[in-house]
Amino acid sequence: MAVKVTDVTYANFTENGVALVDFWAQWCRPCLMLGPIIDELSNEYTNVKIGKMDADENQDTMKLLGIRSIPTILIYKNGEIVEKHVGSASKSQLKSLIDKHLN
């Protein structure tokens, strides 16, 4: 299961190693379709931190990052954004984005 990430925990969650954060909302149908894929990835990748941030509950981070559309997936490597994907995605697409940054 993906970790719940908040405005308070975001910086710590993304600062070391590879981390994927899914920005989503309960009312967003594409977000709800993507949710199970994110949870599957969190079970498959033990070396990647995978989290979900509720866009409605965490407006500070949304504003700081300039995120205007959801779902948005950000992948970090040691605190730096290395990938950004806006919109729905397949599991294989997300795995490809993650795998590029594991070495």
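1. A word before we start: contact here means heavy atoms within 4.5 Å of each other. Please also keep in mind that the model you are looking at is predicted.

2. With that in hand, find helix α4, which covers residues 91-99. Helix α4 lies across four strands, namely β2, β3, β4 (72-77) and β5. Against β4, the helix runs at about 25 degrees.

3. Now look at the sheet itself. Its five strands come in the order β1-β3-β2-β4-β5, and the sheet is open with mixed pairing. β1 (3-4) and β5 (80-86) are the edge strands; each has a single partner, so one side of each has no neighbour in the sheet.

4. One pair of strands deserves a closer look. Strand β2 (residues 18-24) runs parallel to strand β3 (residues 48-54), and seven bridges join the two. To see a facing pair of residues, look for Phe 23, which stands opposite Met 53 in β3.

5. How do helices α2 and α4 cross? The axis of α2 (residues 29-44) comes within 10 Å of the axis of α4, and the two cross at roughly 45 degrees. The pair is therefore oblique, and the crossing is right-handed.

6. Which residues meet where α2 and α4 touch? From α2 come Leu 34, Ile 37, Ile 38, Glu 40, Leu 41 and Glu 44, while α4 brings Lys 91, Leu 94, Lys 95 and Ile 98. Sorted by type, the residues of this contact are six nonpolar and four charged, with no polar ones.

Notes
Residues are numbered from 1 along each chain as its sequence is written. This is a predicted model: local features need pLDDT of at least 70, side-chain atom pairs count only at pLDDT 80 or more; totals for chains, interfaces and linings use all residues. Side-chain values use heavy atoms; hydrogens and water are left out. Two strands pair if DSSP finds at least two bridges between them. Axes are lines fitted to C-alpha atoms, for helices over the stretch in contact, and angles run from 0 to 180 degrees between N-to-C directions. Angles under 35 degrees count as roughly parallel, over 145 as roughly antiparallel, 65 to 115 as roughly perpendicular and the rest as oblique. A crossing is left-handed if the near helix is turned anticlockwise from the far one by less than a right angle, and right-handed if clockwise. Ala, Val, Leu, Ile, Met, Phe, Trp, Tyr, Cys and Pro count as nonpolar, Asp, Glu, Lys and Arg as charged, and the others, Gly among them, as polar.
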